[in-house]
Amino acid sequence: MIYEYKGSTPNIHQTAYIASDAIITGDVIIDELSSVWFKTVIRGDVAPVHIGKKVNIQDLSLLHQSPNYPLIIEDEVTVGHQVTLHSCIVRKKALIGMGSILLDGAEVGEQAFIGAGSLIPPGKKIPPKTLAFGRPAKVVRELTDKDIKEMERIKQSYVEKGQYYKKLEDR
């Protein structure tokens, strides 16, 4: 379901896949070849949300913001199942593991990997190409080439799945 909120209607690229039971409202931009999966809620009713190209927001995730703190997800990001993103920035090609929570002002660096179930507290910065894990999350190591290839594989599989489901719905 796509909802207008106080004059702001989500702007969703025609190539994006949005599951029929996802809810998106307000000041939200979703760029090309991105996907928003089942039971996800994206509320742009406090501040803007910008989701870049080839981003996947997996099942049961929740995206929201605080006043004057937009939520920005750059290109080619993977957001795992049941993730909460609140007024944070996720840089290009990062992966947010399932069940993680990122809070106001947190920033995940380019190609960083946040381990499943992690908590990124307000204002915390995770450097590029690192693995951070825990509650609160701490950087545990730099990523290997193997890690980065696996992150790319996951992202690409969701681009393909999203386009498959989109074709089914367009019939």
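This section describes the aromatic pairs, the surroundings of Thr40 and a nonpolar surface patch in a predicted model.

Seven aromatic pairs are found in the structure. A pair of this kind is described by how far apart the ring centres lie and by the angle between the ring planes. For Tyr17 and Trp37, the ring centres are 5.1 Å apart and the planes stand at 55°, so the pair is tilted; an angle over 60 degrees would have counted as edge-to-face. Tyr17 belongs to strand E3 (residues 17-18), whereas Trp37 is placed in the loop between E5 and E6, so their pairing ties together parts of the chain that are 20 residues apart in sequence. Tyr17 and Trp37 are both buried.

Tyr17 also pairs with Tyr165, with ring centres 5.7 Å apart and planes at 35°, so this pair too is classed as tilted. The pair links distant parts of the chain, as Tyr17 is in strand E3 and Tyr165 is in helix H1 (residues 145-170), 148 residues apart. The accessibility of the two partners falls into separate classes: Tyr17 has a relative accessible area of 2% and is buried, while Tyr165, at 31%, counts as partly exposed. The threshold for burial is a relative accessible area under 20%. Tyr17, Trp37 and Tyr165 are members of one aromatic cluster, which also includes Phe38, Tyr158 and Tyr164.

The loop between strand E5 (35-36) and strand E6 (41-51) also holds Thr40. The relative accessibility of Thr40 is 0%, so this residue counts as buried. Apart from neighbours within four places in sequence, Thr40 is in contact with Ala22 and Ile23, and with Ile57, Gln58, Asp59, Leu60 and Ser61. With Leu60 there is a polar contact, in which the side chain of Thr40 reaches the backbone nitrogen of Leu60 at 3.5 Å.

Ile23, one of the residues in contact with Thr40, is also part of a nonpolar patch on the surface, together with Met1 and Tyr3. The accessible area of these three residues together is about 280 Å². Within the patch, Met1 is located in the segment before strand E1 (2-3). Met1 has a relative accessible area of 52% and is therefore exposed, the cut-off for this class being over 50%.

Technical notes:
Residues are numbered from 1 along each chain as its sequence is written. This is a predicted model: local features need pLDDT of at least 70, side-chain atom pairs count only at pLDDT 80 or more; totals for chains, interfaces and linings use all residues. Side-chain values use heavy atoms; hydrogens and water are left out. Patches are made of residues with over 30% relative accessible area and no salt bridge: like charges are joined within 9 Å, nonpolar side chains (Val, Leu, Ile, Met, Phe, Trp, Tyr) within 5 Å. Accessible areas come from the Shrake-Rupley method with a 1.4 Å probe; for residues, only the protein chains shown count as cover. A salt bridge is a side-chain nitrogen of Lys or Arg within 4 Å of a carboxyl oxygen of Asp or Glu. Helices (H or I, at least four residues) and strands (E, at least two) are DSSP runs, numbered from the N terminus. Buried means under 20% relative accessible area, exposed over 50%, partly exposed in between (1.4 Å probe, protein chains only). A polar contact is a pair of N or O atoms within 3.5 Å; within protein, one must be able to donate a hydrogen and the other to accept it, and residues adjacent in sequence count only if both atoms are side-chain atoms. Contact means heavy atoms within 4.5 Å. Rings of Phe, Tyr and Trp (its six-membered ring) pair if their centres lie within 6.5 Å; planes under 30 degrees apart count as stacked, over 60 as edge-to-face and the rest as tilted.
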